[in-house]
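Trainee: I would like a close look at one part of this chain, the backbone and its unusual spots. Please take me through it and then set it in the whole.

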Amino acid sequence: MRRRPRRAGGRPGGDLAGALTTAPDLRATLASLELAHPVLNGSGTFDAIAALRVFGDELRERFPFSAFVSKTITVEPRAGNPPPRLWEAAAGMVNSIGLPNKGLTGFLRHDLPVLGTLPVPLVVSVAGFGHDEFAQLVAGVAERDEVAALELNVSCPNVKSGCVMGDDPRETAALMERVRPLTTKPLIVKLTPNASDVGGVAVAAEHGGADAVSLINTLRARPADPESGRPWLGAGSGGLSGPAVKAIALEQVNAVATRTSLPVVGMGGIRSGRDALDFVAAGATCVAVGTESFRDPAAGERVRAELAQLLAKRRVARLADLVRVP
Ligand SMILES: Cc1cc2nc3c(=O)[nH]c(=O)nc-3n(C[C@H](O)[C@H](O)[C@H](O)COP(=O)(O)O)c2cc1C
């Protein structure tokens, strides 16, 4: 990984004059998961199976995240949306990938055995188009020993199915009532920023027995073809992510953190340790790197290293001392 050149000059005595002599303790607790550091991946933004194929044991030795969140799976296999599926936005991108995946059976047979060899806890992301499908997914995934936790993707901003379980607190409560009894493993609810009251949805998730929440998913967006003015994406609309959404994400993370006592995994435009620290200040316990991993697959590791440097510079010995107590 490339290092940033050190700036010449600076304050007398150098920036690190008062820094800690030992590396800060970055350990984080997410529900019952004890993590080596707070940096996870955003679901669907890091293909660990492809990366293992290319880097093999080197990736296992230097895995960029402290837990791995799988791409969202559905009950049935899905081909995803028609192309084009990506649009480069100012300071971000719009995707309409549309949850392509092998379905529950294909995932359990082909992907889980590989993901189970990763050196970090595995979180499997699931999305159902109704309570029965969610229940089938939670029951099928949670019984496998390789799985440490599940993330319930109630956002689905790209799929034209009317998947609105994360738009409304009552919908979220009903979903939790159905799936919570199915497993004792941690359930993380991934919230959608397209809800009018994200804090209310988080409260409903907490009352329904969620162990944590993660946010934000992508913001509904509709890029236009610069020539024709017609929708650029094959699916018409998609979801915006990347630096463009960071301030929105900070606002929503803060809204959720002030209304619930659940641990929060904050994400949305994180590219640096500085960004990660902003999310911790807003109330996050952990953070996730998404779009930035497409530009720099080692971004997770870099964000962790930069965060450690920042804490050392500020003489903070333990990240946990900055995290709000849930
Ligand atoms: C190409 C792409 C695919 C994604 N796929 C999923 C997915 O399968 N499930 C999910 O919950 N979120 C998915 N997301 C959303 C990210 O996990 C993350 O919540 C969002 O992009 C905001 O973080 P970022 O700005 O750092 O990318 C996807 C995002 C992108 C860009």
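Trainee: Take Ala31 as the part to look at closely: is Ala31 buried or exposed, or partly exposed?

Mentor: Ala31 is partly exposed, because its relative accessibility is 27% and the buried class ends at 20%. Bear in mind that this is a predicted model. Ala31 sits in the loop between β1 (28-30) and β2 (33-35). Its backbone stands out: phi is positive, about 50 degrees, although Ala31 is not a glycine.

Leu99 shows a positive phi too. Its value is near 55 degrees, and Leu99 is likewise a residue other than glycine. Leu99 lies in the loop between β6 (92-95) and α3 (103-115). Leu99 is buried, with a relative accessible area of 10%. So the side chains part ways: Ala31 counts as partly exposed, whereas Leu99 counts as buried.

Next, the peptide bonds. The bond from Pro83 to Pro84 is cis, with omega near -10 degrees. Pro84 belongs to the loop between β4 and β5. Another cis bond joins Leu215 and Ile216, where omega is about 15 degrees. Ile216 falls in the loop between β10 (212-215) and β11 (219-221). Note that the residue after this cis bond is an isoleucine.

Stay with the loop that holds Pro84. Arg85 is there as well, between β4 (68-69) and β5 (86-89). Arg85 is partly exposed, at a relative accessible area of 26%. What does Arg85 touch, once its neighbours within four places in sequence are left aside? The list runs to Ala79, Gly80, Val94, Asn95, Ser96, Ile97, Pro100 and Leu233. Take Ser96 from that list. Arg85 and Ser96 are 11 residues apart in sequence, yet their C-alpha atoms are 4.8 Å apart in space.

Now the aromatic rings. The structure holds six aromatic pairs. In one of them, the rings of Phe63 and Phe65 have centres 6.0 Å apart and planes at 75 degrees, so this pair is edge-to-face. The cut-off for that label is planes over 60 degrees apart. Both partners are buried: Phe63 has a relative accessible area of 10%, and Phe65 has 1%. Ring pairs also tie Phe63 and Phe65 to Phe46 and Phe68 in a cluster.

Step back to the whole chain. The protein chain has 10 helices and 14 strands. Its radius of gyration is 19 Å, close to the 20 Å that the globule rule gives for 326 residues, so the chain is as compact as a globular protein of that length. Along the principal axes, the C-alpha atoms fill a box of roughly 60 × 55 × 40 Å. Buried residues make up 55% of the 326 residues; Leu99, Phe63 and Phe65 are among them.

Contacts reach across the sequence. Of those between residues at least 6 apart, 73% join residues at least 24 apart. The surface comes last. The chain exposes about 15,000 Å², and carbon and sulfur atoms supply 51% of that area. It carries 37 positive and 33 negative side chains. The centres of those two sets lie 6 Å apart.

Notes:
Residues numbered from 1 in each chain as written. Predicted model: local features only at pLDDT ≥ 70, side-chain atom pairs only at ≥ 80, totals over all residues. Heavy atoms only, no water. Phe/Tyr/Trp six-rings, centres within 6.5 Å; stacked < 30°, edge-to-face > 60°. Buried < 20%, exposed > 50% of the residue type's maximum accessible area, 1.4 Å probe, protein only. Helix = DSSP H or I, 4+ residues; strand = E, 2+ residues; numbered from the N terminus. Rg over C-alpha atoms; globule rule 2.2 N^0.38 Å. Contact = heavy atoms within 4.5 Å. Areas by Shrake-Rupley, 256 points an atom, 1.4 Å probe, with all protein chains shown as cover. Lys, Arg positive; Asp, Glu negative; His and termini not counted. Charge placed at Lys NZ, Arg CZ, Asp CG, Glu CD.
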